Amino acid sequence: MPRRCLRRPMTCEQRAFACQHLGLAHQQAHRFARRWSMAVDDLIGPAYEGLCKGAIGFDPALGHRPSSYLVPKVKGELLHYLRDTGFSLLPGVNYVGGRVASRSLLPV
């Protein structure tokens, strides 16, 4: 599978910002690993990629907390990774521990 690359190179400030928030990427990777019963090592790379994309797009002048912007970016990259690797996700299904908990939005 070809690797996607960042559209813009990161500046030194953006790299420092991303390094300060590595914990967010680790937290989300561990959360996804528990939820989908996957190895954390497989999810760290996409989580870092989302963190880097978030660091490039974050604007501190808007006054928002960094985590409010970075966590959805990291989650999005993790979901893209799961989709691209063929991991099957059903829309409208609540998964708990990698198993289906409810099918609230699926037609019966």
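## The overall fold

The chain's secondary structure comes to four helices and two strands. Reading from the N terminus, the elements go α-α-α-α-β-β, so the helices are followed by the strands. Keep in mind that this is a predicted model.

For the bulk numbers, the chain has 108 residues, and buried ones make up 29% of them. About 7200 Å² is exposed, with carbon and sulfur atoms supplying 57% of that area. If you take the contacts with a separation of 6 or more, residues 24 or more positions apart account for 62% of them.

## Helix α3 and what it packs on

Helix α3 covers residues 40–57. With 18 residues, α3 reaches 26 Å from its first C-alpha to its last, which is close to the 26 Å expected at 1.5 Å a residue.

A good part of the story here is about burial. The buried residues of α3 are Leu43, Ile44, Pro46, Ala47, Glu49, Gly50, Leu51, Gly54, Ala55 and Ile56. They pack against α1, α2 and α4. Several of these names come back below, in the salt bridges and in the contacts of other helices.

## Salt bridges

How many salt bridges does a search of the whole structure find? It turns up three. Let's start with Glu49 and Lys53, whose side chains meet at 3.7 Å, N to O. These two sit four residues apart in helix α3, so about one helical turn separates them. Glu49 is buried, because its relative accessible area of 11% is under the 20% cut-off. Lys53, at 28%, is partly exposed.

Lys53 has another partner: its side chain also forms a salt bridge with that of Glu77, at 3.0 Å, N to O. Lys53 belongs to helix α3 and Glu77 to helix α4 (residues 66–84), so this pair ties together parts that are 24 residues apart in sequence. Glu77 counts as buried, with a relative accessibility of 8%. Through shared partners, the salt bridges join Glu49, Lys53 and Glu77 into one network.

There is also a salt bridge between the side chains of Arg83 and Asp84, at 3.0 Å, N to O. Asp84 is partly exposed, its relative accessible area being 34%.

## Helix α1 through Gln14

Gln14 is a handy way into helix α1, which spans residues 12–20. At 18% relative accessibility, Gln14 counts as buried, because the cut-off is 20%. A polar atom of the Gln14 side chain lies 3.0 Å from the backbone nitrogen of Thr11.

Leaving aside neighbours within four places in sequence, Gln14 is in contact with Pro9, Ala55 and Ile56. Ala55 and Ile56 are among the buried residues of α3, and α1 is one of the helices that the buried residues of α3 pack against.

## Helix α2 through Leu24 and His26

Helix α2 runs over residues 22–36 and holds His26, and Leu24 lies in α2 as well. Is Leu24 buried or exposed? With a relative accessible area of 14%, Leu24 is buried. Setting aside residues within four places in sequence, Leu24 is in contact with Ser67, Leu70 and Val71. In C-alpha terms, Leu24 and Leu51 are 8.1 Å apart in space, with their positions 27 residues apart in sequence.

His26 is partly exposed, at 30% relative accessibility. Not counting residues up to four places away in sequence, His26 touches Ile44 and Tyr48. Ile44 is one of the buried residues of α3. The C-alpha atoms of His26 and Val40 are separated by 8.7 Å, and the two residues are 14 apart along the chain.

## Cysteines

The structure holds zero disulfides. Why is there no bond at Cys19? The cysteine sulfur closest to that of Cys19 is in Cys52, at 8.2 Å, which is too far for a bond; a disulfide would need the sulfur atoms within 2.5 Å.

As for accessibility, Cys19 is exposed, with a relative accessible area of 53%. Cys12 is exposed too, at 58%.

Notes. Residues numbered from 1 in each chain as written. Predicted model: local features only at pLDDT ≥ 70, side-chain atom pairs only at ≥ 80, totals over all residues. Heavy atoms only, no water. Buried < 20%, exposed > 50% of the residue type's maximum accessible area, 1.4 Å probe, protein only. Contact = heavy atoms within 4.5 Å. Polar contact = N/O pair within 3.5 Å; in protein donor to acceptor, adjacent residues only side chain to side chain. Salt bridge = Lys/Arg side-chain N within 4 Å of Asp/Glu carboxyl O. Expected span 1.5 Å × (residues − 1). Areas by Shrake-Rupley, 256 points an atom, 1.4 Å probe, with all protein chains shown as cover.
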